[in-house]
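Dear colleague,

I am passing this structure on to you, and I would be glad if you could look through it at your own pace before reading my notes underneath.

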Amino acid sequence: MNGFKMKVASVAVLGLATTLTLSGCGTSGKSSGANNASESGQENITFSWWTSPQRTAETKKAIALFEKKYPNIHVTMEYTGWSGYWSKLATESAGGSEPDVMQMDASRLAEYITKGQLADLSSNQTIDTSSIPKNILQLGDMNGKLYAIPAGVNATTWIYNPAILKQAGIQFDPSKNYTWDDFAKICEEIHQKLPNVYGVDDEIDQGAVLAYYAQTRGEHMYTPDGKLAISKQTLTDWFTYWLDLQNKGGCPPAQVNASYDHSNTQESPFIKGETAFQYMFIGEELEYQQDLGKPIEHALFPDWADSDKPYTVHPAMYWAISSHTKYPDAAAKLVNFLENDPQVSKIFLNERGVTVNQDNLKADAKVGDAMLKEQDSVMSQVEKVASPSYLDPPAAGQIGDLLTQIAQQVTFKKLTPSQAADQFYTQATNMLAQG
Amino acid sequence: MGLPTDAVVASRHSKRRASWSSRSGLAAYGFLTPWMLGMLLMTLGAMLFTIYLAFTNYDLLSQPRWIGALNFHQILQDPNFWTSIRVTFIYVVISVPARLIASLLVATLLNKEVRGIGIYRALIYLPSLIGGSIGISIGWKKLFDVAGPINSVLKAVGLHGPVWLGNPRTAILVIVLLSVWQFGSEMVIFLAGFKQIPGYLYESATIDGASAVRQYFHITLPMLSPIIFFNLVMGTISSFMTFTQVYVLTDGGPMNSTLFYVLYLYEQAFQYYHMGYAAALSIILLIMIAVCTGFLFLTAKFWVKYDV
């Protein structure tokens, strides 16, 4: 019996020991890492961004260059897809383990600033902003303080498939200032000539296009202090415009539109050659051109040259620094490097939006391909006619989903355009009030 | 006469067991520590925290703010909440019985002793091992695409297939089908249940001249009722918590026709960061599942037979 007892006891001790080791290893590992860092002067910062395969490869190259230039700074890289990125960042921020440097989006920036998560970069000496135009740098500004550095800028435009237009025998001149009605007629004509093709992807549920539409009528989606600014009449007209277009074959039927979730390029009707036009942010069209296997062209939205100046320059993404970072200097060095280093800029080109450092923009144009030149030229065309913009309120993301829901009910004819406008107006106002 | 003796033996037996276990209790707790810690920290701790969060406004970035029962008040007025309840109940009511019947039928077929039956059982069990995965969901999405294999087959026989995932009527059907296709684990439990039914019941029924169909309905099903009940309860609980397939296949669309309860909960929590609201939703889900399970247990009295 004694031997048995011994065995039992030793097994129990072993079990306890294992548990303690397992549960303790997280903390012990971390603290020893920190000790090493302070002894050798090594600074460890974490950098996180949302990514695509191409962006991952490019960013890793840039970080390798950075670590070579600053051997005492080690950068831990965290990257994930768009939707996972925000869950992760919010969870990390809640647990106090947020990254030191992060890629930030305009739709979330206001929220992170107001919750005190981002460092004020207004008087940061390390980050050089002298080559960034004032009106672009101002996109990272809130209440007179600079919280985020625009990494690139872009704008929404149509991309179109010139082969389809040619086949349908339609003359389309992207330099002309078409009206919304002109555009609808072109789309309907495409369907009349080619019954299996629709003019444009159904953009009824796309918040970015709706915001632009409002601006062509002298309205904004939101007020600068985050209230709903768009009128019920404009909403009704918007839903009516797309419903008419759908009824006349200018855009695909409701069910086709509903089965495409706008997240997978391969399934886009545009890639399948079923639509001639689709809305797109400058910088994202390269993937579409590759998947389509044919050249695509850009055209600005209807009424782009109007006196209302409907276009705005959109910040593609930003660099921001956590307000809780232990190494503010190393973090600022990284942001400065990503933003201004000429070698990094040649690696990124326009993948994070059209380059905002004007010196790098010129230098990149010499090495870039035809698509880069076209992106630069469309962007400069937009900048000439653009009016200033301000940040969306935190609830904008949720309101985008609300638009999708209500717009679908219009396409399926469960709601009339004016009922839809009423519902959208009431629910969006509620969401903005709740924050 | 036999009863007291049995009790004495039993109590003596359990006394011996108790003293043995106290000696080895240390070992038991030693081995249990990882699970106990996990249970206390990961499950119980999280559950208590969820209950607390349900009464707060919490967006992850700032501290939770106590708002009393406001979340519950808002949930009751939230049209998407009622939509998700309706969608989830429709799904539970259709998919749970469909899956039970499918698994029972296939188990009946696979209960025959023929050569190579083991391979068939394994093959048919396979979908339920991988069925809940992202990969299968993506595969099904391709399968039911407008121009996917299913519609190609329909076209070949002269039918015009619907836009499966884009039509509010058919989208939920695809998700039900995916669930029914994963009947494997229920089937295995049914197969084990068949083996438990004593052979003499069938022998005497055959002697009495009962047909095979009559035997199935009067011997097999009643004898199997505890197992049917088990599968019914487990299936109901897991159906309420359906998430992965819906997230991948339809993401709640079209027109919220597949806005499952847990998907809506996820949207509130991880897309809008309404953690307090989502915590309140999860408590309501817990109550709903408890009530439905309790109801099933009440009905069990009338149809589940635990003795021969």
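**Two helices that cross in chain B**

The crossing of α2(B) and α14(B) is left-handed. On the side of α2(B), the contact is made by Thr50(B), Ile51(B) and Leu53(B), while α14(B) contributes Met275(B), Gly276(B), Ala279(B), Ser282(B) and Ile283(B). Sorted by class, the residues in this contact are five nonpolar and three polar, with no charged residues.

Please bear in mind that this is a predicted model, and that the geometry is computed from it. In chain B, helix α2 covers residues 25-53 and helix α14 covers residues 275-303, and the two pack at an angle of about 115° with their axes 8 Å apart. Because angles of 65 to 115 degrees count as roughly perpendicular, α2(B) and α14(B) are described as roughly perpendicular to each other.

**Chain A as a whole**

Turning to the other chain that I looked at, chain A contains 17 helices and 12 strands, and of its 435 residues 41% are buried. If you consider the contacts in chain A with a separation of 6 or more, 74% of them join residues that are 24 or more positions apart.

How confident is the predictor in chain A, on average? The mean pLDDT is 88, and 90% of the residues score at least 70. Residues 20-39 of chain A should be read with care, since their pLDDT is below 50, and in the model this stretch has five contacts beyond near neighbours in sequence.

With best wishes

Technical notes. Residues numbered from 1 in each chain as written. Chains lettered and ligands numbered in written order. Predicted model: local features only at pLDDT ≥ 70, side-chain atom pairs only at ≥ 80, totals over all residues. Axes fitted to C-alpha atoms, helices over the stretch in contact; angles between N-to-C directions. Helix = DSSP H or I, 4+ residues; strand = E, 2+ residues; numbered from the N terminus. Parallel < 35°, antiparallel > 145°, perpendicular 65-115°, else oblique. Left-handed = near helix turned anticlockwise from the far one by under 90°. Contact = placed C-beta atoms within 7 Å. Nonpolar A, V, L, I, M, F, W, Y, C, P; charged D, E, K, R; others polar. Buried ≥ 20, exposed ≤ 12 C-beta atoms within 10 Å, placed from the backbone. pLDDT = per-residue confidence, 0-100.
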